[in-house]
Amino acid sequence: MLVVKEKWPVLGRHVQATAWLRVWTDLGRAPRTIDAYARGLAESLEMCEREGVDPITASRAHVGSRPAA
């Protein structure tokens, strides 16, 4: 999990995100799958931080408003 947090520091600021990724890791998901989940989660959390939205209460409207990469 340390590597994921190094790639996307935002994950280290959100305990629940790290716990969610740990569950998927413990279930035996492939490393590339975990990497993809982590990347998507990090993008969403960064949007929440940038827009001042609580990730727990973010709606589809919030997630859908993020700028394209």
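This text walks through a helix, a cluster of aromatic rings and a pocket in a predicted model.

Start with helix H3, which covers residues 31-51. At 1.5 Å a residue, its 21 residues should span 30 Å, and the end C-alpha atoms are indeed 30 Å apart, so the expected and computed lengths agree. Six names make up the buried set of H3: Ile34, Ala38, Ala42, Leu45, Met47 and Cys48. Just after the helix comes glycine 52, with a positive phi of about 70 degrees.

Next, the aromatic rings. The structure holds 3 aromatic pairs. In one of them, tryptophan 20 and tryptophan 24 meet edge-to-face, with 5.9 Å from centre to centre and 70 degrees between the planes. These two residues are 4 apart in helix H2, which means that about one helical turn separates them. In general, an α-helix has 3.6 residues a turn, so residues three or four places apart point the same way. Tryptophan 20 counts as partly exposed because its relative accessibility is 38%. Tryptophan 24 is also partly exposed, at 21%.

Tryptophan 24 has a further partner, tyrosine 37: their ring centres are 5.6 Å apart and their planes stand at 70 degrees, so this pair is edge-to-face. Because tryptophan 24 lies in H2 and tyrosine 37 in H3, the pair ties together parts 13 residues apart in sequence. Ring pairs thus link Trp20, Trp24 and Tyr37 into a cluster.

Last comes the largest pocket, with about 230 Å³ of space. Of its 14 lining residues, Ala17, Leu41, Leu45, Pro55 and Ile56 are the closest to the centre. H2 and H3 each supply at least two residues of the lining. By class, the lining has 10 nonpolar, 3 polar and 1 charged residues.

Conventions: Residues numbered from 1 in each chain as written. Predicted model: local features only at pLDDT ≥ 70, side-chain atom pairs only at ≥ 80, totals over all residues. Heavy atoms only, no water. Expected span 1.5 Å × (residues − 1). Buried < 20%, exposed > 50% of the residue type's maximum accessible area, 1.4 Å probe, protein only. 1 Å grid on protein atoms, 1.4 Å probe; cavity = no way out; pocket = protein on both sides within 12 Å on 5 of 7 lines; lining within 4 Å. Points joined across faces, edges and corners; volume = space filled by probe spheres on them. Nonpolar A, V, L, I, M, F, W, Y, C, P; charged D, E, K, R; others polar. Phe/Tyr/Trp six-rings, centres within 6.5 Å; stacked < 30°, edge-to-face > 60°.
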